[in-house]
Amino acid sequence: MRPVVIVPTYNERDNIPIVVSRLMTIPDVRVLVVDDGSPDGTGAVADALAATADGRVSVLHRTGPRGLGLAYIDGMRQALAGDATHICQMDADLSHDPFDIARLLAATADADVVIGSRYVPGGRIENWPARRRMLSAFANGYIRTITGLTTRDSTSGFRCWRRDAIERLPLDRIASNGYAFLVELIWEAAASGGRVGEIPITFVERRQGASKLSWRVVFESAIVPWRLAWRSLSRKPFRATI
Ligand SMILES: Nc1nc2c(ncn2[C@@H]2O[C@H](COP(=O)(O)OP(=O)(O)O)[C@@H](O)[C@H]2O)c(=O)[nH]1
Ligand SMILES: [Mg+2]
């Protein structure tokens with residue numbers, strides 16, 4: 001296995017050294033930090049980590065428009081240009097336990113993508129206020145109802161993919177830029193017949209830095225499931241023959 005863990009960062013200066021040093025304890029793991037010109041200097045901190053990591057850490061400095069989805073697409077393209085056999089996604093704020101990467105990778109033996117899930121038996125959330133829990137639970141129910149996805153945690157940013165599953169994704173056609181990107185990607189994987197697995201994780205709310213969840217991003221997340229529902233209708237075979 002030659003896994004690459006993509007870690008998108010925006011103002012994560014205090015968190016990224018801890019995340020990277022924990023990931024380095026997992027054999028064979030390489031890290032790709034994708035920074036969007038963080039004003040707090042996260043990019044330079046990541047460069048310093050890369051300089052002392054024996055080639056296991058690299059940094060992609062994005063200069064285009066900021067966005068979680070755009071950062072991941074550029075990161076995935078860069079990982080695919082190398083020899084990665086598995087590509088993982090993980091937040092930089094220590095909400096995702098780097099040590100869980102080993103479990104996610106092992107589970108890709110039976111799935112094309114494995115989600116670290118808060119909403120399967122054994123999954124947990126620590127330190128989230130009631131309104132954030134409600135928003136997340138509502139969002140996942142909303143997504144399942146509208147799109148027909150059966151995944152319990154489609155908004156989780158903690159996942160490992162087999163390389164071929166990422167190669168099959170239409171990365172140049174992904175429309176969403178914010179957190180809805182995570183949903184769109186899982187939907188595309190499932191719609192093309194991919195096997196989506198979920199294993200329980202404990203998600204711990206960040207202690208350092210601030211969430212980037214904004215009303216613009218929430219609004220996009222409300223719209224995208226309807227677009228995906230439309231996409232699934234327009235892809236049905238009976239439509240294609242008209
Ligand atoms: N490169 C990049 N990373 C981002 C952007 N927005 C959020 N992130 C990162 O995505 C991860 C999740 O964001 P976070 O604000 O913690 O979201 P929350 O956990 O849903 O509150 C963190 O590692 C952020 O630094 C962005 O526009 N560009
Ligand atoms: Mg977070």
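In which handedness of crossing does α1 pass α2? In this predicted model, the crossing of α1 past α2 is right-handed. The residues that make this contact are I16, P17 and V20 on the α1 side, and T42, V45, A46 and L49 on the α2 side. Sorted by class, the contact of α1 with α2 holds 6 nonpolar residues and 1 polar residue, with no charged ones. Two packed helices are described by the angle between their axes and the distance between the axes. For α1 and α2, the angle is about 30 degrees and the axes lie 10 Å apart. Angles under 35 degrees count as roughly parallel, and α1 and α2 are therefore roughly parallel to each other.

Helix α2 itself, which spans residues 42–51, is a good place to look further. Its buried residues are T42, G43, V45, A46 and L49. These residues cover an arc of only 160 degrees around the axis, which puts them on the same side of α2. Which elements help to cover the buried residues of α2? Among them are the strands β1 (3–9), β2 (30–35) and β3 (57–61), along with helix α1 (16–23). T42, V45, A46 and L49 thus appear twice in this account, as buried residues of α2 and as residues in contact with α1.

Further along the chain, helix α8 (residues 215–234) can be followed through its packing with helix α7 (residues 180–191) and with helix α5. The axes of α7 and α8 are 9 Å apart and meet at an angle of about 20 degrees. That angle makes α7 roughly parallel to α8, and the crossing of this pair is right-handed. On the α7 side, the contact is formed by A180, V183, E184, W187 and A191. Their partners in α8 are E220, S221, V224, P225, L228 and S232. This contact of α7 with α8 divides by class into 7 nonpolar, 2 polar and 2 charged residues.

The packing of α5 with α8 can be described in a similar way. Here the axes come within 8 Å and cross at roughly 20 degrees, which makes α5 roughly parallel to α8. The handedness of the crossing of α5 and α8 is again right-handed. A139, Y142, I143, I146 and T147 of α5 meet S221, P225, W226, L228 and A229 of α8. By class, the contact of α5 with α8 has 8 nonpolar residues, 2 polar residues and no charged ones. Reading the two contacts of α8 together, S221, P225 and L228 are listed among the residues that meet α7 and also among those that meet α5.

The loops add some detail to this picture, beginning with backbone angles. Most residues other than glycine have a negative phi, and most peptide bonds are trans. N11 has a phi near 55 degrees, a positive value in a residue other than glycine. N11 sits in the loop between β1 and α1, and N11 is partly exposed, with 19 other C-beta atoms within 10 Å. L94 likewise has a positive phi, near 70 degrees, and is a residue other than glycine. The loop that holds L94 runs between β4 (86–89) and α4 (101–107). Is L94 buried or exposed? L94 counts as buried because it has 21 C-beta neighbours inside 10 Å, where the cut-off for a buried residue is 20 or more.

Two further loop residues lie at either end of helix α5. N127 is in the loop between β6 (124–126) and α5, while G157 is in the loop between α5 (130–147) and β7 (159–162). N127 is exposed, with 11 other C-beta atoms within 10 Å, whereas G157 is buried, with 21 such atoms within that distance. Leaving aside neighbours within four places in sequence, N127 is in contact with V204 and E205. N127 and F203 are 76 residues apart in sequence, and their C-alpha atoms are 8.8 Å apart in space. For G157, the residues touched are Q89, D91 and L182, again not counting those up to four places away in sequence. G157 and D97 are separated by 60 residues in sequence and by 12 Å in space, C-alpha to C-alpha.

Technical notes:
Residues are numbered from 1 along each chain as its sequence is written. Chains are lettered from A and ligands numbered from 1 in the order in which they are written. This is a predicted model: local features need pLDDT of at least 70, side-chain atom pairs count only at pLDDT 80 or more; totals for chains, interfaces and linings use all residues. A residue is buried if 20 or more other C-beta atoms lie within 10 Å of its own, exposed if 12 or fewer, and partly exposed in between; C-beta atoms are placed from the backbone. Helices (H or I, at least four residues) and strands (E, at least two) are DSSP runs, numbered from the N terminus. The arc is that of the directions from the helix axis to the C-beta atoms. Two residues are in contact if their C-beta atoms, placed from the backbone, lie within 7 Å. Axes are lines fitted to C-alpha atoms, for helices over the stretch in contact, and angles run from 0 to 180 degrees between N-to-C directions. Angles under 35 degrees count as roughly parallel, over 145 as roughly antiparallel, 65 to 115 as roughly perpendicular and the rest as oblique. A crossing is left-handed if the near helix is turned anticlockwise from the far one by less than a right angle, and right-handed if clockwise. Ala, Val, Leu, Ile, Met, Phe, Trp, Tyr, Cys and Pro count as nonpolar, Asp, Glu, Lys and Arg as charged, and the others, Gly among them, as polar.
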